[in-house]
Amino acid sequence: MSSSNESIKKVLTVAIALCLVCSVVVSSAAVLLRDAQQANKARDMKRNILAAAGMLESGVPVEEQFRNVETRAINLDTGEFTDAVDPATYDQRKAANNPAMSEDLSGEEDTADIKRQEKYGLVYLVYEGDNLQRLILPVRGYGLWSTLYGFIALESDLNTVAGLGFYEHGETPGLGGEVDNPRWKAKWEGKKVYDGGQIGDVELSVIKGEVDPQAPGAKHKVDGLSGATLTSKGVDNLIQFWMGENGYAPFLSNLKSGEA
Ligand SMILES: Cc1cc2nc3c(=O)[nH]c(=O)nc-3n(C[C@H](O)[C@H](O)[C@H](O)COP(=O)(O)O)c2cc1C
């Protein structure tokens, strides 16, 4: 090296100083932006919840739209509201991976292929005045390549589907990824989960092919996604699981009878 500015010592000093400055900038940004990131994440989840229920209005701040939504925690076993966790901070997905907060599901029980189930779930109750207008419930289950995470929304009769939407999955765009297609999602609206509204066997299902509207039980059936039978089956499985005895059925029975 000819010039003194190119000596190994100077090059190393500049490189180390640059690394130090950059690491301070990156870590300060991470620390300073943490609150904003968490607020964005929470807002995004609220948007997903409202969208699943078909209640998301463009141009109106999400926080304002969420004002009518009450978030409560329930004990999934007993189907009762609980104060055991704080709905404002409880992370249901994290809890499902925490052995102290979740239970192993046996192969027979685990129809949604989720392996473990959290003891407590969050539910979102939408009120119009004092009257329950919608109930939004988190659901998840394995498709072909990935676990699909989403929400199912029910009308106040706790039986009619108001909407279904997934906010995270890794299914193939154009195939299983068609779960996000608004035309397919619209097919869920108005479908009935239980026969005659009697909470028990889950009648709602995704079939292979198209539903004949005249066929008996059509009100419980949703078209499968063409070319994506395995993802469709995954959605069917997760509906069976979460709307059944090991999912929300105990809570829905309690809510209906006013004993939640
Ligand atoms: C690259 C690739 C990606 C695929 N992705 C999906 C998928 O996301 N979901 C799915 O159900 N099927 C997917 N399939 C197709 C399945 O392997 C299977 O053929 C299909 O689910 C059968 O559906 P059908 O009976 O409606 O044709 C994929 C196939 C290939 C080759």
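## Ligand surroundings

In sorting residues by type, Ala, Val, Leu, Ile, Met, Phe, Trp, Tyr, Cys and Pro count as nonpolar, Asp, Glu, Lys and Arg as charged, and the others, Gly among them, as polar. On that scheme, the shell around the ligand is made up of 5 nonpolar, 5 polar and 2 charged residues. This is a predicted model, in which local features need pLDDT of at least 70 and side-chain atom pairs count only at pLDDT 80 or more, while totals for chains, interfaces and linings use all residues. Residues are numbered from 1 along each chain as its sequence is written, and side-chain values use heavy atoms, with hydrogens and water left out.

The residues surrounding the ligand, taken as those with a heavy atom within 4 Å of it, are L144, W145, E171, T172, L175, G176, K208, G227, A228, T229, L230 and T231. Polar contacts are pairs of N or O atoms within 3.5 Å; within protein, one must be able to donate a hydrogen and the other to accept it, and residues adjacent in sequence count only if both atoms are side-chain atoms. A polar side-chain atom of T231 is placed 2.6 Å from a nitrogen atom of the ligand, whereas polar backbone atoms of L230 and G176 each approach a ligand oxygen atom, at 3.0 Å for L230 and 3.3 Å for G176. Of the 620 Å² of accessible area that the ligand has on its own, the protein covers 57%, with areas taken from the Shrake-Rupley method with a 1.4 Å probe and, for residues, only the protein chains shown counting as cover.

## Salt bridges

Side chains of opposite charge can pair when their charged atoms come close. Where a salt bridge is defined as a side-chain nitrogen of Lys or Arg within 4 Å of a carboxyl oxygen of Asp or Glu, the count for this model comes to 11. One of them joins R47 to D44, with an N to O distance of 3.2 Å; both residues belong to helix α1 (residues 8–52) and stand 3 residues apart, about one turn of the helix. Helices (H or I, at least four residues) and strands (E, at least two) are DSSP runs, numbered from the N terminus.

Burial is judged by relative accessible area, with buried meaning under 20%, exposed over 50% and partly exposed in between (1.4 Å probe, protein chains only). R47 is partly exposed at 34%, and D44 is likewise partly exposed at 36%. A further salt bridge pairs E155 with R134 at 3.3 Å, N to O, and this pair links distant parts of the chain, since E155 lies in strand β7 (residues 147–155) and R134 in strand β6 (residues 131–142), 21 residues apart. Here E155 is partly exposed at 26%, but R134 is buried at 16%. R43, K46 and E63 are linked in a network of salt bridges.

## Helices α6 and α3

Helix α6 (residues 249–257) has A249, P250, F251, L252, N254 and L255 as its buried residues. Among the elements covering them, by contact (heavy atoms within 4.5 Å), are β1 (69–75), β5 (120–128) and α5 (229–243). After α6 comes G258, whose phi is positive, near 75°.

A95, in helix α3 (residues 92–96), is buried, with a relative accessible area of 4%. Leaving aside neighbours within four places in sequence, A95 is in contact with Y90, M101, S102 and E118.
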